[in-house]
Structures are given as structure tokens and as C-alpha cells.
Amino acid sequence: MSDSPLPVAFDRRAFLKSGASLVFVVGTGGITIARRAAGQTVSAAARAIAPTSLDSWLQLDASGAVTAFFGKMDMGQGVDTAIAQVVAEELDVDVARVTVVMGDTHRTPNQGGASGSSGCRLGANALRNAAAEARRVLVARASERLGVPAADLRVTDGRVSAAGGSGRAVTYGELIADGFATELDWNERYGNNLNVTGVAKPKSPGDYRVVGTPVPRKDIAGKVMATTEYCHHVRLPGMLHARTLRPPVANAVPVRVDESSIAAIPGARVVRKGDFIAVVAPQEWHAIKASRELKVTWSETAPPFPRGDTLFSHIRAAPVASDSARGGFGGAGQPINAEPTLAAIASSARRVEADYEVPFQSHARMGPSVGVADVRAGEALVYSDTQKSHDQRDGIAKILGLPPEKVRVIWKPGPGSYGRSDSDEAAFEAAVISQLVGAPVRVQWMRNEGHGWDPKAPACVISCKAGLNASNEIAAWYFRAKGFSGWDVNFNSADPKDTLVGQLLGIKKGDAHNFGAPAESYAFPNTVKYWETIPTLLDRASPLRCAHMRAPQEPQVHFAHESFIDEVAAAAGVDPIALRLKHLRDPREIAVVEEVARLSKWQSRPSPASSRSDAVLRGRGVSLNSGFGGYVATVCEVEVERATGRVWPRRFFVAHDCGLIINPRGLHGTIEGNVVQGVSRTLFEEVRFDERNVLSVDWATYPILEIGDAPESIEIATINRPEEPSGGAGEPAHVTIPAAIANAVFDATGVRMRRLPLTVERVKAALA
Amino acid sequence: MPRYTVIVDGTRRELEADADMPLLYALRGDLALKGPKFGCGLAQCGACTVILNGAATRSCVIPLSAVDGASVRTLDGLGTADKPHPVQAAFIAEEAAQCGYCTNGWIMTAVAGLERNPNPTDAEIRSMLAGLKCRCGTHMAIMRAVRRAADALASTSADNSSERDA
């Protein structure tokens, strides 16, 4: 297969300006020259991507086509379409003219990649300002060209004309020549908070014509017509296929390898460095066969894990490694002083106490990790579906011993990613192997690695306590999460210490700590909320290392907290929505709770429901989350089959406020995905393991939701707030799902489920 | 290595590969198709689905030696940008994809399913699509898309029969 094309046409001007790349071509082999000719070298493709340069953000060509360079990427929610809308809005061009290039370290500014529901929330800001400034510059040029004051010009789809119909007009394409050559003010930050501003002010939301409309997603047709090139499709000339080998017992290392065991497989050979071992072969099937047939003797090692069925007692008994007073997002938090709260609860007229348990969960992406790397002659070209290509570039540079500017990571679409999944692993491994063998290498993990060796959402035990006074009013409120660290693996791969291969090469893993606590505006008196983390189970190349998974640890935190609010409401004999509204202070949280009550035709009454004798029990539950600039209240109506224990969340109602809505249709699909993935995590997902290793290694041993369990309907009410900045939508709705379901199951059955997932076995046993 | 002939989307393809190599690797590797994806290699997820003898089939586990001389339909050959298959048109209209990695399996399974049962109930659509995985949670839009495709096919077939009647 020929070279995979770049997402947009190769920038010929940049190529011609790059004398260094021409020198580099001399004396290299034919394959390399072919690659160079397509503009795919690290040097040749380099653009000047200083954030202060408007040309770093936007390019126009003579035809009026607009290319926006976005330092984030789309995980399947249509962020690129939203960005195109923002750019088209400010430039006054048809959105069809706008192409968005994402996550290429040599073409896009470092905006921090995909994380924290920040695609629109933060990522759109720089491009909105840049596009507004671009329009100002182009209109100024048109003013000069036409001899008409800028104030008397208007722009219609990239055509600048004099108001009043004099007929004088010029197109953006005729004005762009050698680019913008315009400086922007930069806030001198990289990552999610990077922003730039120009002289021009962006439009006020009242003038929007493209933003806020349901522009069809740009990516759908390619995915449906099988023309989208995923990272999995990338192939380079002379590329070898690699497969990695994993030990049967976590922490075992290869001590002896019998290379003769794969001698009969054409071209297959073993690649080893440190404790990292892989096989390569020219044909993919031969690499797979070699990985299955290679005889490896692994070191004898003591099984590193507790028994899987002792997970929660392990967490309860484990020493505290860190806590919310010492670390987490935003640095150190408030000092923890639980004693006054606990004393108040102890002396309350009534006490409500509950522990909630959440096991490890796997990112379990549809396709396991893949990466392609060509590391030769002191530079590296890497294709990856990472969420953070700029960080990955830095990490790969470190593991290869190259300067970062000699490493180019090109993001390509992948099988979704909802946190620090396995998506960062194979690219590092491909780079390491390519450097060793001197040829382009594609590493494709197999299914057992995608489940068994991805970073896991951290398991936890969350303890909640409340004291009620004699009037059933809340007098004190206690929340403590205790679990594995969500930063056991860092949220980016800027350092190889956070990768499997890095640790197998002897780089010491990091020791960062984070979990989470609820941040909604409930004003309970005498409240303490904090988290504690416990030591990792294995500090080197662990299949149970932990990382954030969709909304960091908020699904676990809110399963507990929003369940507990319902437990207190039930104990006090009050309606769970009424209890929430009584204590909430944030008007946007109140608004979504009121909206979901209206949408779901909520009947105010305490839980559980009065009738609980039918074969199929029905109930409703509510849950709230605010975070990442999004505010979501969800009501779930469940059916519980008494005989089987099956829980079917039949209907969902979601009230959603994420500020200014850029694309209502894309938002709708994003919310549906949040809900359905949440159902999967709530009802089905649990990583099983024993003392030796992870036992959940495929879809049979790690079941997820299938279509038979999908809801019948998801009704969504969005609250558009054009006056508020766009908030996040990729995570907040997801966070509400576990408690909404568990609360509905309690309402239906009178049985409180405090451990995820709510499997049929567990529910049936609880109902017995 | 032995040679095999497979008719892929109507074109005869000569393939040279190990007898035990799954069809998927010929489609992805030798023929550079983009539709069938590697998801599990275990016939558990459906990302690799093709239509073989009219049935949705997991190409990741069926060896090349078992399809010698057979006719295979893939997403790559299903429709064109100008003339998408009705199921593809429905998936586009409903925006029934997020990351899109699993989309191949849903479309090919729906195509085979609707060929066997052109007038499915909503419950039959669910059972037609059982066993497929989607990690992004796109199921609601997928169900709407397959409903839309079924309705479109039904109205086309009604048009055709009324033409025949006329």
C-alpha cells in the first residue's frame, strides 16, 4: 500500500522553505525518498506553529478553503464539526469550507489534547479569537483593495463586498496571498488553557448564524462509507508488524527465549530490550503466530495481587498513601478535620451510614492499542490515536533519546478513548522497536492486552454518614472516598515512566495521587468531604495500574454521594428531589433538577414505591452532577425482574446545561452516548483478577452492554445559555447514571444496591 | 504458501497466505480495505463483519482456506458516496456513529438481517443486532438508523411492486 496521505494537502510552501529536509533526502534509501516525497518527514512537514502567529491557527487558499489547526482531537462526539462551526461563524464563511486538522504535533498548536470535556469548553476559545482576527485582517485588506472603508464592507461566505450594492467585491482567496503574517497575544500557556487574542472581538452570541445550529457531523460519512483512515490502517513502506508478549503472572520478566521456536515462521524474529519483549515479521499474521509460538521462560515471581474477592477488604485495611489535603487537581486541598462532623453525627437523633463499593473497570476500547513508528536517522515519525499527541511526542522523545522537535506524532482517529486508556501504549512500543530494528514498525495489541493490560479505573470504597436531628433535618454530613489513585498512571504520557514499555525498560513509575469528592452546592451543615488513596498493588508494569476513565473518578464518587442523598431522603421520609432542592444553592444545578422533574413528570413522594409485589418491579431515581462547566440532572425509570434479577433502565430523562450550545444535534448524540456507556458501567462492568493476573481479558470475561439492554428511550432537555461560555458535555451526564439507576432500583424494590456493577446475580441475591 | 481465490465485492482476488490466516487479514492487509476492523480476533464484537453467502460473518476467525472460491461482501463495496446503500444512508441521516470503529459490524449485520427480514419490529431489530459491541454507547442512534433503513427499504419495495402491478 502506498503512503497514507496527510489529512490535508501537503504544504508545498513549507516544504520549499525547508532547506534542511532537502539536504536530508540526499543519500537516503529509496523507501525513505518515497516517504519524503509525500511530505511525511519530521523535518519537511514542520510548520511554524508559534501560538502567537495567526498562520499557526488558520490557513486559507486561493479557492477560499479554510484549514483550522486544532491542538485537540475528536473522540467521536463531533468536536471537529463544532470547531469548524466556530471558525466559520467568525470568518463568515460556509462551514463546508472549513477543514479541521487535529492533533498533529508538527501542524497544530499544543492545546492539551482531548481531556476534561475541554474540546469546546477550552479548545474553541483560541480558534474563535483567531478566526475573528483573521476576518478583521482580511476585511482590512479588502478595504485597501476596494477603496471602501472597512465599516462599509460586509462578508458573505468569504466574499467581501461594499454594502449598498456597488458591485465591488473581492474574495478571501484573492486576499490571502502569503498568509496572514499577523501576531496574536498569547497567554503564554500550553495545554488546555492555551488562549490567544487579537485586535478583533468575536461576535456576540446574538449575532450567531452557524453556532447553535445542527450542522451535520463532518466525520460520519467517512466512517459509514469505509473511507476514514483510522490509525489502524496506517502502513508505511517496508513496515514490520510487531506483537508484544505479556507475562502469565504480572511482574514476571522474560529470563530465556527460545528463538528456534519461531524459526519456521517467515521473517519472524524476537526483539528484546530490558524486560520488554516482542516479535516482528513482515506479515501481520506471521507476527501473531510468532507471538503465540515463541517459547519464553518467565521468571518465578510471587503473585503480586490480593485475591479478587478480597478487593474491598484490602482497600479498607490499606494504609493511606495520600489524601485530598495533600494533592489532586489544583494542588493541595483543604486540611481534613473530620472529628467535629463525626462527633455531631454520633450525637445526632438519627444516623444514616452507608459504604459504597466500586471495582476496577477497564477502558476496554473497541480496538486495542495500535501505533506505527518510523525511527531512523535521528528522527521519529509516529502515528497514534492518543488523546494527547503533544505530550506523547515529549514522552517518545525521552524514551528514544531524541530532541522533541525531531519527533512528530500524527494523531489519527481510533476506537474512541475516554480517559488514559491503552491508547498511549502501542505508539511508545512501536517507537522503541523501530529504533531497534531500523525499520517502520506497527504494534497492534491483541484483545487480551486491551482488556488485561490497559490502565484501570480505580476501585474504591466510599463511606458516607449523615446525622439527622429530631425534626429529620440534616445536622452533619460526612463523605470519604478511599481507593487506588487515579493518577497511578499520569493523565498524559509526556514521560515514559507512565507507560508499560517505559517501566519495562527500567524507568521508575511515578507516584502521583488523586481521587475525588463531590462538588455540588448542597449546603449541608457541618460537612466534611475528602478522599484518601492507597498504595498501588504493583509498582512496575502492572495490569492493575490505575488512571482516569471518563470524568476521572466522578462516576464512582457520584454513585456513592447521589445514592446516599437518596438514602437520607428515604430515612427522613421525604421526596429525593425535594431534599435536593432544599439544600442546593447553585441556580444552574437547581434549574436542571427542576427541569428533569418537569420532563419526567416526577410525582413527589418518598422512596420506595408502595407496590412491590409484581413480577416486574418499577421505580424511578434521580441523580445530579455538575462539573467541567456542565450541569446535569437525570431521572431513570427501571424495570427489575424479580425472578432473574435483571435490571432494565427503560427510560431516561436528562436535563442538561452546558452553557452556549454550539451544535445541538452533536450535543444530543453526545448525551446519549454518556447515558448508554453509563448504563454499561453500572450494570455489567467489573475487572476480575486473581493473585497472579487480570482475568478479564476479552468481551466474554468483561461483558459490556449489548443492544438488548439499551434503554427504550432517552429524553433530553437542553438548556441553552448563550450568555455563558460553552461548558463540557463529554462527561457530566455520564456521571449521573450509576446513582440514577441504583436509586430507581431502590424505589422499585426497597433494596439498596451499594456495590457496582448491578449484575443479575447480585440483584437476584439481594432480592431473595 | 497456498493460493486462494475469493470474490470480494464482485471482484476475483487471488491471495497467497497461510491456510489458517483469518479472512480479515487478507481484507485489511492484502486488499487494504477499510471497512472490516480488528476488534477482538475472537468473534465476540463484530467489528470485522462481512457478508458471506448472505449471512453476516465474523471475518476475524474464519480461515482463508474455508472461503476459497466464496463470495464476500464488505462495507467498502456496499455503496458509493453518490449511491450509498439504504442502510448507509440511514446511518448518515441518523448520525449513528461516534468513534465509528464498530460501525462496520452494525451496518453489515443490519444489511444481512434486513435482507432476511425486510419488515422487522423494533424488538426484531434488537435481536438482529444482538452480540455486537459499541463502546461509545451509540445504540439509540443505531436503532433509529436501522428502523429508518427498514422503512426506506419497505417503501422502495412497495413502490417497486406497485410499478409491477401497473
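Start at the boundary between the two chains: 46 residues of chain A and 48 residues of chain B make the contact, where contact means C-beta atoms, placed from the backbone, within 7 Å. This is a predicted model, in which local features need pLDDT of at least 70 and side-chain atom pairs count only at pLDDT 80 or more, while totals for chains, interfaces and linings use all residues. Residues are numbered from 1 along each chain as its sequence is written, and chains are lettered from A and ligands numbered from 1 in the order in which they are written.

**Stop 1: the chain A side of the boundary**

Select α9 (220-224), α10 (284-293) and α20 (664-683) of chain A; these elements each give two or more residues to the side that touches chain B. Helices here are DSSP runs of H or I with at least four residues, strands are runs of E with at least two, and both are numbered from the N terminus. Color α20(A) on its own: eight residues, the largest share of this side, come from it. By class, the side holds 21 nonpolar, 15 polar and 10 charged residues. Nonpolar covers Ala, Val, Leu, Ile, Met, Phe, Trp, Tyr, Cys and Pro; charged covers Asp, Glu, Lys and Arg; the others, Gly among them, are polar.

**Stop 2: chain B**

Move to chain B and split it into domain 1 (3-77) and domain 2 (86-165). Such bounds come from an automatic or database domain assignment. The C-alpha centres of these two domains of chain B are 22 Å apart. Each domain puts 13 residues into their contact. On the domain 1 side, pick out β3 (49-52) and β4 (55-58) of chain B, which each supply at least two residues. β3(B) gives the most, with three residues. That side of domain 1 of chain B has eight nonpolar, four polar and one charged residues.

**Stop 3: the domains of chain A**

Back to chain A. Its domain assignment gives domain 1 (47-224), domain 2 (231-301 + 365-447) and domain 3 (587-767). Show domains 1 and 3 of chain A together: their centres, taken over C-alpha atoms, are separated by 37 Å. Here 19 residues of domain 1 of chain A meet 19 residues of domain 3 of chain A. Highlight α5 (79-91) and α6 (118-121) of chain A, the elements that give two or more residues to the domain 1 side. Eight nonpolar, nine polar and two charged residues make up that side.

**Stop 4: the seven-stranded sheet**

Display the open sheet of chain A with strand order β11-β12-β9-β20-β17-β18-β19 and mixed pairing. Two strands pair if DSSP finds at least two bridges between them. Which strands stand at the edges? They are β11 (269-273) and β19 (407-411) of chain A; each has a single partner strand, so one side of each is left without a neighbour in the sheet. Neighbouring strands are turned by 25° against each other on average, direction ignored. Axes are lines fitted to C-alpha atoms, for helices over the stretch in contact, and angles run from 0 to 180 degrees between N-to-C directions.

Zoom in on β9 (residues 240-244) and β12 (residues 276-281) of chain A, an antiparallel pair with four bridges. Label His241(A); opposite it stands Ala281(A) in β12(A). Now add two helices. α10(A) lies across β9 and β12 of chain A, at about 140° to β12(A). α13 (residues 389-400) of chain A lies across β17 (370-376), β18 (379-384) and β19 of chain A, at about 140° to β19(A).

**Stop 5: the core**

Select Ala68(A), Ile83(A), Val87(A), Leu127(A), Ile396(A), Ala431(A) and Val745(A): these have the most contacts inside the largest nonpolar core, which has 268 residues. A nonpolar core is a set of buried Ala, Val, Leu, Ile, Met, Phe, Trp, Tyr and Cys residues joined through C-beta atoms within 7 Å. Center on Val87(A). Beyond neighbours within four places in sequence, Val87(A) is in contact with Val66(A), Ala68(A), Val98(A), Leu127(A) and Ala131(A).

**Stop 6: backbone details**

Find Ser607(A) and Pro608(A): the peptide bond from one to the other is cis, with omega near 0°. Pro608(A) sits in the loop between α19 (587-599) and β25 (616-627) of chain A. Another cis peptide bond joins Leu756(A) and Pro757(A), with omega about -10°. Pro757(A) is in the loop between α21 (732-749) and α22 (760-767) of chain A.

Finish with two residues that are not glycine. Ala226(A) has a positive phi of about 65° and is in the loop between α9 and β9 of chain A. Is Ala226(A) buried or exposed? Ala226(A) is buried, with 22 other C-beta atoms within 10 Å; buried means 20 or more such atoms, exposed 12 or fewer, and partly exposed in between, with C-beta atoms placed from the backbone. Phe628(A) has a positive phi of about 55° and lies in the loop between β25 and β26 (630-641) of chain A. Phe628(A) is buried, with 23 other C-beta atoms within 10 Å.
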